[in-house]
Each structure stands twice: as structure tokens, then as C-alpha cells.
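Student: Please give me a close look at one part of this model, the helix packing. Then set that part in the rest of the fold.

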Amino acid sequence: MAWQPDYITSAQMKSFTRINDDIDDVQIAAAITASSRAIDRATNRQFGLVASAEQRFYSGRWDRQRCRWIVEFDDLMTTTGFAAITVDSEGVTVGTIDDYVMEPRNAAAKSRPWTQMVIRPNSAFKPTGKTDEVALTARWGWTTVPVPVEQAAYLQSSRFLSRRDSPYGIAGSPDQGSELRLLARVDPDVDVSLGDYRRWWAAA
């Protein structure tokens, strides 16, 4: 799996739609990719996993209620290869952040990602609030694609494929009471499937 992958395969989609030929393979692949990115936008996150640990840069914010520095980062489900340092404006290492807690605390038990670290007072180095001064190395992303996300990809891909037969954005028949306007947002059932997976980033 990679970062921002397709969440289902063409073979899975063809089985879902009961397509037994290869005439529409190009359109099916395009619909899957488009639906996967629509899911990313709807949830404000992605569900892939980088192949190996890589360094990314984030900014710390001071939480006045907790009296702690907090660094919000991309979704993370494994601590393999994890490292945290502070850097200066040129990207040169200042020091290691060596005392912190990953949050949400129960993320691993619930098969959900950590989304931030809270730095304890005893850490050798802490952020100062400068932009991108916290350099984190990790295998970013989700270790598995959640089933509701896969289901959303099936439904949204089907909707994109139906646009060939509804160029004016209307599917179904008003006479039969099945008229549906294909608006510029994800399918309503997709919206329901993704409800628990939306991410809200805190303001710095």
C-alpha cells in the first residue's frame, strides 16, 4: 500500500457492479481513483501507508489549559522507525524530543491512528512555536484500509460511473420516483459511511 492509494481494485469494483467484460476497465480505474480522492477530501485525511519511514515537518502549539506543547501530525498507526527532533530555520537539528505521549491514548486499542503528541516537561528539547520546527520521522498512514472506507469507495465509484448516462447530473426517473441529482459532493450513503472517519485539524 502507498500514500493516497486506490481503496479498492478494479477487480473488486467489477465484482461489485457485476461487470464481466473488460470494455470499461479504463473508466472503472479512473472512477476508483477519483472516488478515493473524493473520500480523502470528505474526511480531510487519507488511508494509505508510506512504504518506509520518512521525515515530515510540523509546528508545535502551546496548550494553555494543559500547560504542554502539542504537535499535531498526519495519521500514524505504528511507532516503528519513529523519531522526533527540533530543527532550526535551515533544517539543522537542534535537539531530540525525548519525553512525550501519543494521543489519543486509546487509539491503538481501537484500531485508530495517533494524531498528535503531547510533550512532557522533562523532554530535553521542546518546540518554541516556530513554523515547521518539529521534524518527525515515521511510517505515516493507516496499516489497513477501514471497511467503511472501502464500502464508500464502491458506492462513490458507482456514482461516478453512472455520470456517463446522466450528463446533466440527474440519474433515475422522475416518473418512477427514483430521480437523484448527482450534486458536487459525495454520495449521501458515502457521507454516512465516512461519518466516524472525518478529521478536524486544530488551529495553530
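Tutor: The answer starts with the helices and then moves out to the sheets and one buried side chain.

Keep in mind that this is a predicted model. The protein has four helices and 10 strands. Read from the N terminus, the elements run α-α-β-β-β-β-β-β-β-β-α-β-β-α. Two helices therefore open the chain, and α3 follows a run of strands, since numbering starts at the N terminus. Three helix pairs deserve attention here.

Start with α2 and α3. Helix α2 covers residues 25-43, and helix α3 covers residues 147-162. Their axes come within 8 Å and cross at roughly 125 degrees. An angle of 65 to 115 degrees would count as roughly perpendicular, and one over 145 as roughly antiparallel. The pair α2 and α3 is therefore oblique. The crossing of α2 past α3 is right-handed. On the α2 side, the contact is built from Gln27, Ile28, Ala31, Ile32, Ala34, Ser35, Ala38 and Ile39. On the α3 side, Val149, Ala152, Ala153, Gln156, Ser157, Phe160 and Leu161 take part. Of the residues in this α2-α3 contact, 11 are nonpolar, four are polar and none is charged.

Now bring in α1, residues 10-17. Helix α1 packs on α2 at about 105 degrees, with the axes 10 Å apart. That angle falls in the 65 to 115 range, so α1 and α2 are roughly perpendicular. From α1 come Ser10, Met13 and Lys14. They meet Asp25, Ile28, Ala29 and Ile32 of α2. The composition of this α1-α2 contact is four nonpolar residues, one polar and two charged. Ile28 and Ile32 of α2 serve in the contact with α3 as well as in the one with α1.

The third pair is α1 and α3. Their axes lie 11 Å apart, at an angle of about 75 degrees. That makes α1 roughly perpendicular to α3 too. Gln12, Met13, Phe16 and Thr17 are the α1 residues in this contact. Tyr154, Leu155, Ser157, Ser158 and Leu161 are their counterparts in α3. The α1-α3 contact holds five nonpolar and four polar residues, with no charged ones. Met13 of α1 appears in the contact with α2 and again in the one with α3. Ser157 and Leu161 of α3 likewise appear in the contacts with α2 and with α1.

Next, the sheets. One open sheet has four strands in the order β1-β8-β4-β5, paired antiparallel. Strands β1 (54-58) and β5 (93-96) are at its edges; each has a single partner, so one side of each has no neighbour in the sheet. Neighbouring strands of this sheet are turned by 30 degrees against each other on average, direction ignored. Inside the sheet, β4 (residues 83-87) and β8 (residues 134-138) pair antiparallel over four bridges. Alanine 84 has leucine 136 of β8 as its bridge partner.

Another open sheet of four antiparallel strands runs β2-β3-β7-β6. Its edge strands, β2 (60-63) and β6 (100-103), each pair on one side only. The twist from one strand to the next averages 30 degrees. Strand β2 pairs with β3 (residues 68-76) in the antiparallel sense over four bridges. Aspartate 63 stands opposite arginine 68, and glycine 60 opposite valine 71. Four residues lie between the strands of this β2-β3 hairpin, and cysteine 67 takes a positive phi near 55 degrees.

Finally, look at the loop that leads from β8 into α3. Tryptophan 140 is found there. Its relative accessible area is 0%, so tryptophan 140 counts as buried. Beyond its sequence neighbours, tryptophan 140 touches a set of residues that includes Trp3, Gly48, Leu49 and Val50. Also among them are Glu54, Arg56 and Tyr58, as well as Phe73, Asp74, Asp75 and Leu76. Glycine 48 is 92 residues away from tryptophan 140 along the chain, yet their C-alpha atoms are separated by 8.3 Å.

Two totals set the scene for the whole chain. Of the 204 residues in the protein, 42% are buried. Among contacts with a separation of 6 or more, 73% join residues 24 or more positions apart.

Technical notes: Residues are numbered from 1 along each chain as its sequence is written. This is a predicted model: local features need pLDDT of at least 70, side-chain atom pairs count only at pLDDT 80 or more; totals for chains, interfaces and linings use all residues. Side-chain values use heavy atoms; hydrogens and water are left out. Axes are lines fitted to C-alpha atoms, for helices over the stretch in contact, and angles run from 0 to 180 degrees between N-to-C directions. Angles under 35 degrees count as roughly parallel, over 145 as roughly antiparallel, 65 to 115 as roughly perpendicular and the rest as oblique. A crossing is left-handed if the near helix is turned anticlockwise from the far one by less than a right angle, and right-handed if clockwise. Contact means heavy atoms within 4.5 Å. Ala, Val, Leu, Ile, Met, Phe, Trp, Tyr, Cys and Pro count as nonpolar, Asp, Glu, Lys and Arg as charged, and the others, Gly among them, as polar. Two strands pair if DSSP finds at least two bridges between them. Buried means under 20% relative accessible area, exposed over 50%, partly exposed in between (1.4 Å probe, protein chains only). Lists of a residue's contacts leave out its neighbours within four places in sequence.
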